Amino acid sequence: MSLDIPFDNSYARLPERFYTALDPTPVADPGLIAFNHDLAATLGFDSRAVPDATLAALFSGNEVPGGALPLAQVYAGHQFGQWNPQLGDGRAILLGEVVGTDGTRRDIQLKGSGRTPYSRMGDGRAWLGPVLREYVMSEAMHALGIPTTRALAAVTTGERVLRETVLPGAVFTRVAQSHIRVGTFQFFASRGDIEGLKALTAHTIARHYPEAAGPRDLIEGMMARQARLIALWMSVGFIHGVMNTDNCQIAGETIDYGPCAFMDRYHPETVFSSIDQFGRYAYVNQPQIAHWNIAQFASALIPMMEDADAAVAAFTEAINGFPALYEAEWLRAFAAKLGIAEPLEGDRALIEDLLSHMAETGADFTNTFADLEAADLPDGWHTRWQVRAPDPALMARTNPRVIPRLHRIEQAITAGVAGDLAPFHELLRVTARPFDLAEADRAYTAPPKPEERVERTFCGT
Ligand code: AMP
Ligand code: MG
């Protein structure tokens, strides 16, 4: 039985200069690692009866499914604040879009599918490590209720890729509401391509913000989703690691799981990424960076506005609202973790006192919230908290028992490279139900032992 995916490709209907149409590069010997049948059902197709070999052929790029229009998207972006006028899908190919059973349009994209005109010095491939990492991280994020791209498939290629060493190759299939980024807008703006900018804006509004009457509404809508997204990241101790403008998606999903991680010990200055020398994307900096990225988004819309001065004034006013939006989302997210559904301004101090004590003592972020009653906190904190009549049910659904800890991911990757995918599958199974942990899986709540600790993460190339 083959697979019938009901593609409807709206991005491919945009002007040709938005992308390069090309097929994925076939691989030597595709082998299925994982396939997300539940997600496929949401996307509107039934994959359960399809043989693994067929799925492996389709989601390695060896066979292009009927109705797909494979293409690599072009974009630009600020990387660590440095402007790069030309990026693009250098190792990814969009197969096409589907409108799911929930009415939502989504992209199906292969990552690691071979070179494209945007590959620059890269080989267009991915190795197994980043593929397993993105699979686990994105599915865990989804299970935590945080907007994110999803994992549809992971396939080994039977080929080797050269990084610092020779490593097994793999292809990841990502599902996203779209791959339109701040950097997509920046690409057209920086070229003075007003027609392109207008077409992209119309497409983005129709697809993601149909209620928006124009660019200012688009900025405000995007900003509201970013404020919520970053507050939710903060509330689970998530550090993205590469919040470049090309990794900031307009629809407001977490995208590009590169050197990301959940913190074990809480400290606001935590950084994992090996390439983030100055801590630009440290945990505590994430809201300001999001604000900066939104400002780049607004700037990119200016060239298409008839009255540029008026647009600058209006957009500036809109963007200045971000800190207040974020602070409100932050308070809502953290108060919920304390069991408080309707926070008062005074709850901010309660949360901040808790966090500063956690930072001083190096408390485990996840485990402290998962059992706040038992947490060793300064005199009086528990009393102040109890006065707020915390709702245990709210706490149980906002404080995960388990998250994919970095050392567990590293262990799963090391085993996977050695041919044992069981630790990956186990980690995926446990972290896909973060709020409801079986007694038998309790070991997954343990922070790393000193010898297991991972201090650095690397980009997903
Ligand atoms: P990322 O760090 O994943 O956001 O990627 C930044 C840019 O580098 C994007 O344009 C990617 O397509 C490109 N890139 C990353 N890895 C590779 C690779 N192995 N081959 C080609 N291009 C790559
Ligand atoms: Mg990227």
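## Helix 4 and its surroundings

The buried residues of helix 4 pack against strand 4 (77-79), strand 5 (82-84), helix 5 (194-208), helix 6 and helix 7. In this predicted model, helix 4 itself covers residues 182-190, and 8 of its 9 residues are buried, leaving the helix mostly covered. The buried positions are Val182, Gly183, Thr184, Phe185, Gln186, Phe187, Phe188 and Ala189.

Just beyond the end of helix 4 stands Gly192, with a positive phi of about 65 degrees.

## Overall architecture

The protein chain contains 15 helices and 12 strands. Its C-alpha trace extends about 65 × 60 × 40 Å along the principal axes. For 461 residues, a compact globule would have a radius of gyration near 23 Å, and the 22 Å found for the protein chain therefore agrees with that expectation.

Of the 461 residues, 58% count as buried. Contacts that link distant parts of the sequence are frequent: among those between residues at least 6 apart, 72% join residues at least 24 apart.

## Surface and charge

The area exposed by the protein chain is about 18,400 Å², of which carbon and sulfur atoms supply 53%. The chain carries 39 positive and 56 negative charges, and the mean positions of these two sets are 2 Å apart.

## Helix 6 and Ser235

Helix 6 is one of the elements against which the buried residues of helix 4 pack. It runs over residues 215-235, 21 residues in total, and reaches 30 Å from its first C-alpha to its last, close to the 30 Å expected at 1.5 Å a residue. Because 15 of its 21 residues are buried, helix 6 is largely enclosed by the rest of the structure. Gly237 follows helix 6 and has a positive phi, near 70 degrees.

Ser235 belongs to helix 6. With a relative accessible area of 6%, Ser235 is buried, since the threshold for that class is under 20%. Apart from residues up to four places away in sequence, Ser235 touches Ala333, Phe334, Lys337 and Phe365. The C-alpha atoms of Ser235 and Trp330 are separated by 7.6 Å, although these residues are 95 apart along the chain.

## Helix 7 and His291

Helix 7, which also packs against the buried residues of helix 4, spans residues 286-301 and includes His291. The relative accessibility of His291 is 22%, so this residue counts as partly exposed.

Once neighbours within four places in sequence are set aside, His291 is in contact with Ile319, Phe322 and Pro323. For one of these partners, Phe322, the C-alpha to C-alpha distance from His291 is 6.6 Å, with a sequence separation of 31 residues.

## Thr457 after helix 15

Thr457 is found in the segment that comes after helix 15 (422-431). Its relative accessible area is 1%, so Thr457 is buried.

Excluding residues up to four places away in sequence, the residues touched by Thr457 are Pro259, Cys260, Phe272, Ser273, Ser274 and Leu406.

How values were computed
Residues are numbered from 1 along each chain as its sequence is written. Chains are lettered from A and ligands numbered from 1 in the order in which they are written. This is a predicted model: local features need pLDDT of at least 70, side-chain atom pairs count only at pLDDT 80 or more; totals for chains, interfaces and linings use all residues. Side-chain values use heavy atoms; hydrogens and water are left out. Helices (H or I, at least four residues) and strands (E, at least two) are DSSP runs, numbered from the N terminus. The radius of gyration is taken over C-alpha atoms; the globule rule is 2.2 Å times the number of residues to the power 0.38. Buried means under 20% relative accessible area, exposed over 50%, partly exposed in between (1.4 Å probe, protein chains only). Contact means heavy atoms within 4.5 Å. Accessible areas come from the Shrake-Rupley method with a 1.4 Å probe; for residues, only the protein chains shown count as cover. Lys and Arg count as positive and Asp and Glu as negative; His and the chain ends are not counted. The place of a charge is taken as NZ of Lys, CZ of Arg, CG of Asp or CD of Glu. The expected span of a helix is 1.5 Å times one less than its number of residues.
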